[in-house]
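Okay, thanks for coming, everyone. Let me put today's model up on the screen, and then I'll talk you through it.

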Amino acid sequence: MKFFNTISLLLGLFLLSAICSAKPHIPGQLIKMDQGRSYGLVVGDIIEHQYLIAIDTAYSLSPSSLPVEGELTYWLDLNSVDMTSDQRGAKKLYHLTLRYQTFYAPLDVRKLLIPEQQLVFTDNSNQRFEISLPEWYFTMSPIKEVVSSGVGNDDGSHGFMKPDIAPRTHSLSRYQSPIIIYASLSVIALLIWAALAGLLPKLSTSPFHKAKRQIKRIKRQKNITSEQVQQGMQAMHDALNTRAKQTLFASQIDDFIHRHPQFNESRGQIEDFFQQSRSVFFFDKEAKPTILMDCIRLCDRLAAADKVVQSNS
């Protein structure tokens, strides 16, 4: 009998030891976390913490236990809280991402703390358990020199204020040659046009250019009188006399054309001019301003013919 009592006692102690040594069932746990770099942070940096939590499917996360976005302290904001979940067999996985932003501006390297936070999980029978997101220490660094070697410092050291960045220049060498060529061609074309138009007095040898300028000055005036028209016709006569090297009369036009055949194509206009001149100067016919325009056209034709002869001579 004593033997059986001893055996019963040993079995009881064994069962009690087995019960005491068995681990309690944990419905969930934090299986992975990534809190990033914990040093060298400066004001304005974003701190991102990621957690992976596995729990039994009978439990679910209580949303009210999640951290609330907003200002946590005067130097720390919680900008966003992102959480996703998916089913993996008998477990449900929660992927939680917390993004903080620090506004602490230390004067030297400082150690700071994001405190521990608790997440609550419950089942249908309102049984609950908590999982802790551990506290996290990190160090912050100043972003600028605090030694008074800058503005207003009179200790002779160079300030940390730097000059503005010089503007970037672009080489224009590849455009230099085309610009010179086009500019030269433009100047040459302008000189040719000016010479042909008789705007270069020293280079122009045709007396008809001079006559044209005189007639145009008269034509620009308002209320042109008959005397002014006669002045214009006289300028035309002077040009013809200069080219003929004598006073040219209507009866000498054939000889003039013979000596200056370049004007042969303008023979008709020359004869018409002399006829108008005779009517105005000898028969007192009214000198109309339209005669000035005829004189200008005749000057252009004769001057152009002169240029052709001079260029071929």
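I'll go through the empty spaces, a surface patch, two backbone angles and the salt bridges, in that order.

One thing before we start: this is a predicted model.

So, empty space. Rolling a probe the size of a water molecule over the atoms shows where empty space is left. How many cavities of 30 Å³ or more does the count come to? The answer is one. The largest cavity holds about 40 Å³ of space. Its lining includes Gln 35, His 49, Tyr 51, Leu 98, Tyr 100 and Trp 136. If you want to find the walls on screen, look at strand E2, 46-56, and strand E6, 91-102, since each supplies at least two of the lining residues. Sorted by class, you get eight nonpolar residues, three polar ones and no charged ones around that cavity.

Now the largest pocket, with about 270 Å³ of space. The elements giving two or more residues to its lining are helix H4, 226-244, and helix H6, 267-281. Which of the elements gives the most to the lining? That would be H6, with four residues. Among the lining residues are Gln 234, His 237, Phe 249, Phe 274, Arg 278 and Phe 282. The class split for this pocket is six nonpolar, five polar and one charged.

While we're on H6, have a look at Val 280, which sits in that helix. Val 280 is buried, at 4% relative accessibility, because the cut-off for buried is under 20%. Its C-alpha atom is separated from that of Gln 230 by 7.8 Å, though the two residues are 50 apart along the chain.

Next, the surface. There's a nonpolar patch made of Ile 181, Tyr 182, Leu 185, Ile 188, Ile 192 and Leu 196, and together these residues have about 650 Å² of accessible area. Pick out Tyr 182, for instance: you'll find it in helix H2, residues 173-196. Is Tyr 182 buried or exposed? Exposed, with a relative accessible area of 59%.

A quick stop for the backbone people. Asn 126 has a phi near 65°, which is a positive value in a residue other than glycine. Where is Asn 126 found? Look in the loop between strand E8, 117-122, and strand E9, 128-133. Asn 126 is exposed too, with 60% relative accessible area. Lys 245 is another residue other than glycine with a positive phi, near 60° in this case. Lys 245 is in the loop between H4 and helix H5, 253-259. With a relative accessible area of 75%, Lys 245 counts as exposed.

Last topic, salt bridges. Side chains of opposite charge can pair when their charged atoms come close. The count here comes to 10 salt bridges, and I'll show you three.

Take Lys 91 and Asp 56 to begin with: their side chains meet at 2.5 Å, N to O. Lys 91 is in strand E6 and Asp 56 in strand E2, so this pair ties together parts that are 35 residues apart in sequence. Lys 91 is partly exposed, at 30% relative accessible area, whereas Asp 56 is buried, at 15%.

Then there's Asp 82 with Arg 99, where the closest N and O atoms are 2.6 Å apart. This pair also links distant parts of the chain, with Asp 82 in strand E5, residues 76-88, and Arg 99 in strand E6, 17 residues apart. Asp 82 is partly exposed at 37% relative accessible area, and Arg 99 is partly exposed at 27%.

The last pair to show is Asp 294 and Arg 297, whose side chains meet in a salt bridge at 3.2 Å, N to O. Both lie in helix H7, residues 290-312, three residues apart, which is about one turn of the helix. Asp 294 comes out partly exposed, with a relative accessible area of 35%, and Arg 297 is partly exposed at 45%.

And one more thing about these bridges: which residues do salt bridges with shared partners join into one network? They are Glu 48, Asp 82 and Arg 99.

That's what I had. Happy to rotate the model if anyone wants another look.

Notes: Residues numbered from 1 in each chain as written. Predicted model: local features only at pLDDT ≥ 70, side-chain atom pairs only at ≥ 80, totals over all residues. Heavy atoms only, no water. Patch = residues over 30% accessible without salt bridge, like charges linked within 9 Å, V, L, I, M, F, W, Y side chains within 5 Å. Areas by Shrake-Rupley, 256 points an atom, 1.4 Å probe, with all protein chains shown as cover. Salt bridge = Lys/Arg side-chain N within 4 Å of Asp/Glu carboxyl O. Buried < 20%, exposed > 50% of the residue type's maximum accessible area, 1.4 Å probe, protein only. 1 Å grid on protein atoms, 1.4 Å probe; cavity = no way out; pocket = protein on both sides within 12 Å on 5 of 7 lines; lining within 4 Å. Points joined across faces, edges and corners; volume = space filled by probe spheres on them. Nonpolar A, V, L, I, M, F, W, Y, C, P; charged D, E, K, R; others polar.
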